[in-house]
Amino acid sequence: MNIAIIDDCSITCFVHKKLFNEVDKDVCVNTYLNAQSFLNDLKANKIEQPDVILTDYNLGSSNGAELINEIDNYKFNCNIEDKLDTYLVSSDTNIASIAEQCNKSIFKGFFMKPLQLQNVENLLHKEFSVSA
C-alpha cells in the first residue's frame, strides 16, 4: 500500500509517517510539505499513485479541500478508479464546513490531528479490507 502525507509541518509528517511504519513496515509513505510538490510528482509520474492521501487542511497558500478537489479532477481525467482516496487531518474542529468543500467521490473522511495509532490501524484495515 502506498500512502501520501501532505502537511506543511515537517514534524507532523515525520510523526505520521512513523505511525504508519509502526503499524505496517511494508507501507510505502511519501511526505510532502506542500500541495504543489505532491501534485507535480503525481502528475509527472514520479511517484506510484497513492492508495490513500492524508492532507492537512491548512497548508499555507492553499488548503486541503482545494487539494482534494484537484486530485479528484486528476483522477477523473486519468480514469483512475481504485486509488487516491483522500482524508483530511486537521486540528480544526469545524469538520462539517470543511467536509462540504470537498468533492465527495474521493473524500473518505476526517481525522483530528495528531493521528493516533488507532486511527492508522483502522485506516489500514479499512483500506486493505476494501481492496481485498
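Is Lys83 buried or exposed? With a relative accessibility of 18%, Lys83 counts as buried, a label given to residues under 20% relative accessible area, whereas exposed means over 50% and partly exposed covers the range in between (1.4 Å probe, protein chains only). The structure is a predicted model, in which local features need pLDDT of at least 70 and side-chain atom pairs count only at pLDDT 80 or more, while totals for chains, interfaces and linings use all residues. Residues are numbered from 1 along each chain as its sequence is written, and side-chain values use heavy atoms, with hydrogens and water left out.

Lys83 is a good place to start a tour of the salt bridges (a side-chain nitrogen of Lys or Arg within 4 Å of a carboxyl oxygen of Asp or Glu). By this rule the model has 5 of them. Lys83 pairs with Asp51, their closest N and O atoms being 3.2 Å apart. This pair links distant parts of the chain, 32 residues apart: Asp51 sits in the loop between helix H2 (35-43) and E3, and Lys83 in the loop between helix H3 (64-77) and strand E4 (85-90). Helices (H or I, at least four residues) and strands (E, at least two) are DSSP runs, numbered from the N terminus. Asp51 counts as buried because its relative accessibility is 15%.

A second salt bridge joins the side chains of Asp7 and Lys113, at 2.8 Å from N to O. Asp7 belongs to the loop between E1 and H1, and Lys113 to the loop between strand E5 (107-112) and helix H5 (117-131), so the pair ties together parts 106 residues apart in sequence. Lys113 also forms a salt bridge with Asp56, with the closest N and O atoms 3.2 Å apart. Through shared partners, Asp7, Asp56 and Lys113 become one network. Within it, Asp7 is buried at 3% relative accessibility, Asp56 is buried at 5%, and Lys113 is partly exposed at 23%.

Asp7 and Asp56 appear again in the lining of the largest cavity, together with Ile5, Ile6, His16, Leu54, Thr55 and Val89. A cavity is a set of points, on a 1 Å grid over the protein atoms alone, where a 1.4 Å probe fits but cannot get out, and lining residues have an atom within 4 Å of a point. The whole structure holds 1 cavity of 30 Å³ or more, and the largest contains about 30 Å³ of space. Strand E3 gives the largest share of its lining, 3 residues.

Technical notes. 1 Å grid on protein atoms, 1.4 Å probe; cavity = no way out; pocket = protein on both sides within 12 Å on 5 of 7 lines; lining within 4 Å. Points joined across faces, edges and corners; volume = space filled by probe spheres on them.
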